[in-house]
Amino acid sequence: MGEGHLPVLVDEVLASLAVGPGSSIADCTVGGGGHAERLLEASSPDGRLLGLDADRAAILEAQRTLARFGDRVILRPANFANLYDEARAAHFIPLDAVLFDLGLSSYQLADPRRGFSFAADAPPDMRFDEDRGLSALDLIDGSSQRELAGILATFGEERRAGRIATAILAARAEGRLMTAADLAEVVAAAVPTSRADAGRIHSATRTFQALRIAVNRELEVLTPALTGALAALRPAGRLAVITYHSGEDRIVKRFLARESRDCVEDPLPPVCLCGHRAQLRPIVKRGITPTAAEVGRNRRARSARLRAAIKLAPAGA
Ligand SMILES: C[S@@+](CC[C@H](N)C(=O)[O-])C[C@H]1O[C@@H](n2cnc3c(N)ncnc32)[C@H](O)[C@@H]1O
């Protein structure tokens, strides 16, 4: 399945989730099982872990990595938007710890068949769940220039979205865009690398990110998934989320801020009428980022940010 995947911020995740013997844990993005393996070790001898992943190939990889933990592990191919139902069906509620490590894994990036990387000699598919929804190429083919530019601007924060969308649709109409490698080439030809980005990122980075986010509805599923996690946690249970770009980090930050407040009316009234009560207490204020040493070992960690919180007991309990 290609190169291995190094789990990001792993010591920080373990410290934030504070699992121990007997813990009931959900890893909502089990991937190759890197974080899951460390969580199972930390919760020995009898902690249990429910691992979800939308990608069936990831579930197979995790089965191999986690085989030695036997029936302490249950793995399910599922979207984490369904966390609550999956956890209930597997008898994991209430949970002591929930982890989300968002985005894609090194296994997915390294598999040319999936079309996630600039070098892939296969159509840009980019679906985590290959059994469902439209591929990135379907999305391109079904979009007008305006729609495609909107996707690139919204999900990739691409400033040159209009020019790139025009170039992609022209190349597609002329039969010059069949593979992910073609897509990277078309984007690179349409927009010279800006001085700020030179040597740092490929000029197609934002385009690939935007298409992947759109194809997998990555931002849409996040708030429902976090809401499900909060409902599934026991009081004093812990939630940890690793994000890799500002769009998803903003959603997580807002969710944690809202669920840490007693009143969510804006502006705050003299007397709260909304009835909202804080359910979480953030563990660190601005999130945790990797050390330079970790980024040196693992380039994928460079944009990571970990946010974590503890669930509060209900008022009056
Ligand atoms: C960064 S990787 C996780 C790596 C894992 N923590 C490890 O250490 O091996 C992210 C994983 O989340 C999965 N994923 C992304 N969005 C998902 C969703 N909505 N539901 C379920 N899995 C998802 C991807 O398929 C990918 O395998």
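User: In which helix is E259 found?
Analyst: The model discussed here is a predicted one, and its helices and strands are numbered from the N terminus. Within that numbering, the helix in which E259 is found is α12.

User: Is E259 buried or exposed?
Analyst: A residue counts as buried if 20 or more other C-beta atoms lie within 10 Å of its own. For E259 there are 22 other C-beta atoms within 10 Å, so E259 is buried.

User: Which residues is E259 in contact with, leaving aside its neighbours within four places in sequence?
Analyst: Contact here requires C-beta atoms that lie within 7 Å. Leaving aside the neighbours within four places in sequence, the residues in contact with E259 are L230, A278, Q279 and L280.

User: How far apart in space are E259 and E248?
Analyst: These two residues are eleven residues apart in sequence. Taken from C-alpha to C-alpha, the distance between E259 and E248 in space is 17 Å.

User: Which residues of helix α11 are buried, and where on the helix do they lie?
Analyst: Helix α11 covers residues 222–232, and L222, A225, L226, G228, A229 and A232 are buried in it. Seen down the axis of α11, these buried residues fall within an arc of 160 degrees, so the place they line is one face of the helix.

User: What covers the buried residues of α11?
Analyst: The cover includes both helices and strands. Among the helices are α4 (83–89) and α12 (246–259), and among the strands are β4 (95–101) and β5 (233–243).

User: Why is β2 described as largely enclosed by the rest of the structure?
Analyst: On one side of β2, R48, L50 and L52 are buried, and on the other side L49, G51 and D53 are buried, which leaves both faces covered. In a regular strand the side chains alternate between the two faces of the sheet. The strand is largely enclosed because the number of its residues that are buried is six of the six.

User: Which strands does β2 join by bridges, and how do they run?
Analyst: Four bridges join β2 to strand β1 (residues 24–27), with S24 standing opposite R48. Five bridges join β2 to strand β3 (residues 73–77), where L49 stands opposite V73. The strands joined to β2 are therefore β1 and β3, and in each pairing the strands run parallel.

User: What is the handedness of the β-α-β units that contain β2?
Analyst: One unit is made by β1, α2 and β2, while another is made by β2, helix α3 (residues 56–66) and β3. The handedness of the unit with α2 is right-handed, and that of the unit with α3 is also right-handed.

User: Which helix and which strand each supply at least two residues of the shell around the ligand?
Analyst: The ligand is surrounded by 22 residues, of which the closest are P7, T29, G31, G34 and A54. By class, this shell has eight nonpolar, eleven polar and three charged residues. The elements that each supply at least two of its residues include the helix α2 (34–42) and the strand β2 (48–53).

User: Where do the cis peptide bonds to P45 and P94 lie?
Analyst: The bond from S44 to P45 is cis, with omega near 5 degrees, and a cis bond with omega of about 5 degrees also joins I93 and P94. P45 lies in the loop between α2 and β2, and P94 lies in the loop between α4 and β4.

User: What is the exposure class of E157 and of A236, each with a positive phi?
Analyst: Phi is near 50 degrees for E157, in the loop between α7 (145–156) and α8 (161–173), and near 80 degrees for A236, in strand β5. With 14 C-beta neighbours inside 10 Å, E157 counts as partly exposed. With 11 C-beta neighbours inside 10 Å, A236 counts as exposed.

User: Which strands are joined to β7 by bridges, and which way do they run?
Analyst: Six of the seven residues of β7 (residues 305–311) are buried, so this strand is largely enclosed by the rest of the structure. Six bridges join β7 to β5, with I310 as the bridge partner of R238, and three bridges join β7 to β6 (residues 280–282), with A309 as the bridge partner of P282. The strands are β5 and β6, and both pairings are antiparallel.

Methods:
Residues numbered from 1 in each chain as written. Predicted model: local features only at pLDDT ≥ 70, side-chain atom pairs only at ≥ 80, totals over all residues. Near = placed C-beta within 6 Å. Nonpolar A, V, L, I, M, F, W, Y, C, P; charged D, E, K, R; others polar. Buried ≥ 20, exposed ≤ 12 C-beta atoms within 10 Å, placed from the backbone. Arc of directions from axis to C-beta. Contact = placed C-beta atoms within 7 Å. Pairing = 2+ DSSP bridges. Right-handed = clockwise from strand over helix to strand, strands pointing away.
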